[in-house]
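This briefing goes through one protein chain for a reader at the bench. Please keep the sequence and the structure open beside the text.

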Amino acid sequence: MYSELVEIAPRELKFIFEPKKQSSCTIRLINKSQNHVAFKVKTTSPKKYCVRPNTGIIKPRESCDFTVTMQAQKAPPPDMACKDKFLVQCTVVAEETAEEDITSAVFSKDDGKYVQENKMRVILVSPPGSPVLSPINVAYSDLPSYKDSPRKDQVHSSEYSSSQQEGDVNGVHSKGDVNGVHRHSGSYEESLTGDQVNPLNQNPQKELDESMKEFRKENTNMQMEGKHVQLETRKHDEEMELVKDVASMKSKISELERKLSEAKDTISKLTEDRKFTAQERDGLQRELVMLTSKKGGRKVRAGFPLLYVVTVAFISMVFGYLLHY
């Protein structure tokens, strides 16, 4: 059981039918795989439709649009019922594969190669204000429009090919009955490009150019939207990084403020201790001076006056002299 490679949106080709006027619709292919996927668009009425591009390569997880232009018709089909169908083939290719290398052989199912095949029906709608309000495609109401085709070993009809008749949408013979609608041509062929078409209106190239301009404009808008989303994502990531950096800086600033507060407290304590030590030193110096002065006064009071000493000495000398004689 193979998984779906490509998602198709929308799953039906819807054209606004106006006599002698072209009508276009755009289909988007979304690569859901991790591989490069090549695609090819075929139709049962290659002269009636123009597909740009009808082949291409879709990178992993990216998308690609192709535009289908229905050439101008003189009159609508009965009951606005269109029997035309499209086949979109997709398969995995190598990364180095170029678009010029995409041929019918790439989509061959030989050797069990998986090729996703999606069948799309065409719906015609009336323009606004027309008496016909909606298309009458009752015969295709039960026809599945978006599914993978069976593998090669499960198909009983011939393969789809760009140059040979390959059977109708449900795998029956080309002239079989598809859900009650009789078909006379059920082979899928490669769709025409802009250089191969021969529309009935008078200015086909002008309308094709306008369609291509609209397509390029839409593609450019999509690319701009993608770039805008990338820029928004990058901006969001940068803002988140900035918020984280600001939070980190705030945390560091808070830590520095806490350390600064502790340093101020330590300096205040050291200053107070220094003042207290200075006061104690001054008090000790005063006490030392007082003690020194008190000790000096006691020495003076303990000695004898000079007059007293001289008097005693004189008396002693007189008394000695008298004793000698």
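How many salt bridges does the structure hold? The model is a predicted one, and the structure holds 8 salt bridges. The bullet points below begin with the overall make-up of the chain, then take up some of these ionic pairs, the largest pocket, a nonpolar patch and some backbone details.

**Overall make-up**

- The chain has 12 strands and 2 helices, and in order from the N terminus the strands are followed by the helices, as the run β-β-β-β-β-β-β-β-β-β-β-β-α-α shows.
- Of the 325 residues in the chain, 31% are buried.

**Salt bridges**

- Arg121 and Glu12 are joined through their side chains in a salt bridge, with a distance of 2.7 Å from N to O; because Arg121 lies in strand β9 (residues 116-125) and Glu12 in the loop between β1 (6-9) and β2 (13-16), the pair ties together parts that are 109 residues apart in sequence.
- The two partners of this pair are covered to their own extents: Arg121 is buried, with a relative accessible area of 15%, whereas Glu12 is partly exposed at 23%, the boundary for a buried residue being under 20%.
- Lys21 and Glu18 also meet in a salt bridge, at 3.8 Å from N to O, and here Lys21 is partly exposed with a relative accessibility of 44%, while Glu18 is likewise counted as partly exposed, at 29%.
- In helix α1, Arg258 forms a salt bridge with Glu255, and the closest N and O atoms of the pair are 2.3 Å apart; the two residues both lie in this helix, 3 residues apart, which is about one turn.
- Glu255, Arg258 and Glu262 are joined into one network by salt bridges that share partners.
- Arg258 counts as partly exposed at 40% relative accessibility, and Glu255 is partly exposed as well, with a relative accessible area of 34%.

**The largest pocket**

- The largest pocket holds about 340 Å³ of space, and its lining is made of 14 residues, with Ser63, Cys64, Asp65, Asn219 and Gln223 lying nearest its centre.
- Which elements each supply at least two residues of this lining? They are the strands β6 (55-58) and β7 (63-70) together with helix α1 (204-302), and α1 gives the largest share, 4 residues.
- Sorted by class, the residues that line the largest pocket are 6 nonpolar, 5 polar and 3 charged.

**A nonpolar patch on the surface**

- Phe314, Ile315, Val318, Tyr321, Leu322 and Tyr325 make a nonpolar surface patch of about 720 Å².
- One of these residues, Val318, is found in helix α2 (residues 306-324), and Val318 is partly exposed, with a relative accessible area of 36%; residues need over 30% to be counted in a patch, so Val318 meets that cut-off.

**Cis peptide bonds**

- Ala9 and Pro10 are joined by a cis peptide bond with an omega of about -10°, and Pro10 lies in the loop between β1 and β2, which is also the loop that holds Glu12, the partner of Arg121.
- Another cis peptide bond runs from Arg52 to Pro53, with omega near -15°, and Pro53 has its place in the loop between β5 (49-52) and β6.

**Positive phi angles outside glycine**

- Arg61 is not a glycine, yet it has a positive phi of about 60°; its place is in the loop between β6 and β7, the two strands that each supply at least two residues to the lining of the largest pocket.
- Met80 is not a glycine either, and its phi is positive at about 55°; Met80 is found in the loop between β7 and β8 (85-93).
- Are Arg61 and Met80 buried or exposed? Arg61 is exposed, with a relative accessible area of 54%, whereas Met80 is buried, with a relative accessible area of 8%.

Note on methods:
Residues are numbered from 1 along each chain as its sequence is written. This is a predicted model: local features need pLDDT of at least 70, side-chain atom pairs count only at pLDDT 80 or more; totals for chains, interfaces and linings use all residues. Side-chain values use heavy atoms; hydrogens and water are left out. Patches are made of residues with over 30% relative accessible area and no salt bridge: like charges are joined within 9 Å, nonpolar side chains (Val, Leu, Ile, Met, Phe, Trp, Tyr) within 5 Å. Accessible areas come from the Shrake-Rupley method with a 1.4 Å probe; for residues, only the protein chains shown count as cover. A salt bridge is a side-chain nitrogen of Lys or Arg within 4 Å of a carboxyl oxygen of Asp or Glu. Buried means under 20% relative accessible area, exposed over 50%, partly exposed in between (1.4 Å probe, protein chains only). On a 1 Å grid over the protein atoms alone, a cavity is a set of points where a 1.4 Å probe fits but cannot get out, and a pocket is an open set with protein on both sides within 12 Å along at least five of seven lines; lining residues have an atom within 4 Å of a point. Grid points are joined across faces, edges and corners, and a volume is the space filled by probe spheres set on the points. Ala, Val, Leu, Ile, Met, Phe, Trp, Tyr, Cys and Pro count as nonpolar, Asp, Glu, Lys and Arg as charged, and the others, Gly among them, as polar.
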